[in-house]
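I opened this entry to record what I looked up in the structure. Overall figures come after a note on burial, and ring pairs follow.

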Amino acid sequence: MNRLTYIGLVIAGIVVFVAIFAPFLATHEVTAQNLELRFAAPSAQHWFGTDGLGRDVFSRVLFGARISLQVGIIVVVVSAVVGIFIGSIAGFYGGWVDRVLSGYLFNVFLAFPGLLLAIAFVAFLGAGLEKLIIALCIIGWVGYARVMRGQVLKVREYDFVQAARALGASNMRILFTHILPNAIQPLIVQSSLGMAGAVLSEATLSFLGLGIPPPAPSWGTMIEEARNFFSIYPHVLFFPGAAIALTVLAFNFLGDGLREYLDPKQRTR
Amino acid sequence: MKYKLLSFARQVGLIILVAWTVVSLVTFLIEFVPGSPATAILGETATQEQIDNFNRKHGLDRPSFFLSISFEEGFEWHGLNNRYYDYFAGLLRGDLGTSFRTDRPVLDMILERYPATIKLAVASMLVAIGIAIPLGILAGTNKGKIIDNFASFIALLGISLPTFVVGPFLVYIFAVQLEIFRPTGSLYPEDIILPAVTLGAALSAILTRMVRSSVIEELGEDYVRTARAKGLSERTVIYKHVLKNGLIPVVTILGLQLGVLLAGSIITEKIFSWQGLGLLLLDEGIAKRDYRLVQGCVLVISLTYILANTLTDVVYRWLDPRIRLN
C-alpha cells in the first residue's frame, strides 16, 4: 500500500477515536451558549474559538465527528446490504430478472443526480436524521448493486461453482456460501469511497438546511451558520470545513489505496 | 442495419421508461408531505373554507391516482379523474402546473432561471477542462514521479473538498481580501468566475485522474511505439496521437458530469446567490414549501440530466467506431 493509504488510515483512525471519546475530549458543553463571547478568536480557553452564539467550536467539531460517522456507517451498511442482495440476484439469475433489475431499476436510480434525489426526498418528507439516512441509502445502494452484479457474473462461471452445482447445492446455498465470499472484495473499496460520499452528502444536506437541524453540531450545519460571518470571523468556517475535508480525504485515500492493493493490474501501472 | 435500429429503439424505450419513472416518483412524493400542502402554505390558522378553496384551485381535491384503497370504501376506481393523470396530461402540453405561492405557471418561473444554471454549468465545465487536461497529461507522462504524486494529491483534494467549503474561501480570498470580485450576485459578466471555479474544482479533480490514467494506458499501446520509432517528437506523439485516443473516455465522463454539475450547482448557487434553478428550488420552492415548484424544478433538472447522458452516449459512439461496430 502506498503512503497516502497509510495517511488515510491514520486520519480515519483519529476521526473514529474522536467520535468515540468526544465526551471526554470536549472542553466545553456543546450546546452551552455564552453570548458575551460571540465569535471569540482561537485562544487557550477556546482552542478553535467560539461561534455566533458563543459556543465552543472545538467541542462542536469533536461531536460533529460522531454525527458524520454515525450517518456514514449506517448509510454504508444499509446501502451495501441492499446493494449486495439486489446485485447478487441480478448477476446470479441473469435473464429477465437481470434485465428488470440492472436494465431498468439501476438505470432509473442512476438517471437521477443522487444529490437531487436526496434533496427531493428530504424536501417533501421533512428534515431530520432518520429521513436524511433513508434518503442517502436510497441513492447509495445502486453503486454497490452494480459492482456486486459484475462480480457475481464473473464468479458464477468459476469451476468451484460448477462443482457445487453438480453436487446438487441449492441456488441460495451456491449464491451465499460459494459466490458471495469470493465476490465481495471490491465492495470493500466501494464501502470506503461510500463512507466518504455519505459524510460529504450529510454535510451538504445539513448545509442546505435539509439535514440534521440545529443545535445538533453537524459539520454542515456549522458551516451554514458560519456562512454569513466568515468574512469577518473565518475561524468559524475554517475548522468544521477542515474537519469535513480531512475526513472525506482520509476515506478517499483509503479507498484508492485499497483499490490499488486489491487490483494487481493497477499496482503495476 | 436491422440490429442498429433495434438497438436504437431499445435505447429510446429505456429513456422513455426512465423519464416516466422519474415523473411518477416526483408526482408521488407530494403525497408524502407531512400534513397537507394546503396547511403548509396557508398555515395552521387557515379556515376549512380557505383550505377547500386552495385544494380546489390546485386540483388537490381530486383523487391522487387511478385507483384508491381505503378501509371504508375498499378499492375505488377513479378513471381519468385523478391528479397523476392531470400532471402527465399537463406535462405533455408543456404545463407544469401553477405555483402554490405565486399563482404563476411553474414552467415560466423555471424558464426564467434555467439559462443562468446552464451558463454556470458550462462555464464550470470549461474551468474543469482547462485545469484537468494539462494537469492530467503532466501526471500521466511523468508517472510515478513527484509531479505525478503532486497532481494526484491535488486531484484527491479537489474531490474531497466540498463546494460549500471551497466557495466561501474563494470569496474570502478574492472578494474580501483582494477585492477583485464581488462576493455574490449574478448581475455582471465577471460574477460567474468565482461560482464557476468553485463548481469546476471538483470536476477538474475527477477529470485529471481520468486524463492521467487514459494517457498512461495509451502510452503503452503499439501505435505510440510506432510513432516514436518513426522519429516523431514526444510532443507530437502526446498531442497528436495519445491525446486524440485518450480523450474518448474523458468525453463520456464530461457528459455524465454535466448532470452532476446541474445538481451541484444547487449548492454553488446558494453560496453565491446565483439566480439559477438551484436557488429557485431552495429559496422559492423548498423554503416556502411551494411543492408544485419543487416538483417542476426536480423534474426539469432530472430530465436535463437524462438528456445530457443520452447525448453523451451518442457522441461516444460516434467518436469511437469500436463501440459503434459492437
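I start with the burial scale: a residue is buried when its relative accessible area is under 20%, exposed when that area is over 50%, and partly exposed in between. The model is predicted.

Entry 1, burial of a tyrosine. I looked up B:Tyr84 and found a relative accessibility of 8%. The cut-off for buried is under 20%, so B:Tyr84 counts as buried.

Entry 2, chain A overall. I listed the secondary structure of chain A and got eleven helices and zero strands. Read from the N terminus, the elements are therefore written as α throughout, eleven times over. I took the extent of the C-alpha trace along its principal axes, which is about 75 × 45 × 30 Å for chain A. Chain A has 269 residues, and 51% of them count as buried. I then checked contacts in chain A between residues at least 6 apart in sequence; 69% of these join residues at least 24 apart.

Entry 3, surface and charge of chain A. The exposed area of chain A is about 11800 Å², with 65% of it supplied by carbon and sulfur atoms. I counted 18 positive and 14 negative side chains in chain A. The centres of these two sets are 11 Å apart.

Entry 4, aromatic pairs. How many aromatic pairs does the structure hold over all chains? I found 22. One of them is A:Phe21 with A:Phe24: the ring centres lie 6.3 Å apart and the planes are at 50°, so I logged the pair as tilted. Both residues sit in helix H1 (residues 3–25) of chain A, three residues apart, or about one turn of the helix. A:Phe21 is partly exposed at a relative accessible area of 34%, whereas A:Phe24 is exposed at 68%.

I went next to B:Phe66 and B:Tyr84, whose ring centres are 6.0 Å apart with planes at 75°, so this pair is edge-to-face. B:Phe66 is in the loop between helix H3 (48–57) and strand E1 (67–70) of chain B, and B:Tyr84 is in helix H4 (residues 83–92) of chain B, so the pair ties together parts 18 residues apart in sequence.

Entry 5, rings and both chains. Which residues do ring pairs link into a cluster? I noted A:Trp47, A:Phe48, A:Phe58, A:Phe238, A:Phe239 and B:Phe169. I also looked for a charge over a ring and noted B:Lys270, which lies over the face of A:Phe207 at 5.7 Å from the ring centre.

Terms used:
Residues are numbered from 1 along each chain as its sequence is written. Chains are lettered from A and ligands numbered from 1 in the order in which they are written. This is a predicted model: local features need pLDDT of at least 70, side-chain atom pairs count only at pLDDT 80 or more; totals for chains, interfaces and linings use all residues. Side-chain values use heavy atoms; hydrogens and water are left out. Helices (H or I, at least four residues) and strands (E, at least two) are DSSP runs, numbered from the N terminus. Buried means under 20% relative accessible area, exposed over 50%, partly exposed in between (1.4 Å probe, protein chains only). Contact means heavy atoms within 4.5 Å. Accessible areas come from the Shrake-Rupley method with a 1.4 Å probe; for residues, only the protein chains shown count as cover. Lys and Arg count as positive and Asp and Glu as negative; His and the chain ends are not counted. The place of a charge is taken as NZ of Lys, CZ of Arg, CG of Asp or CD of Glu. Rings of Phe, Tyr and Trp (its six-membered ring) pair if their centres lie within 6.5 Å; planes under 30 degrees apart count as stacked, over 60 as edge-to-face and the rest as tilted. A charge sits over a ring if NZ of Lys or CZ of Arg is within 6 Å of the ring centre and within 35 degrees of the ring normal.
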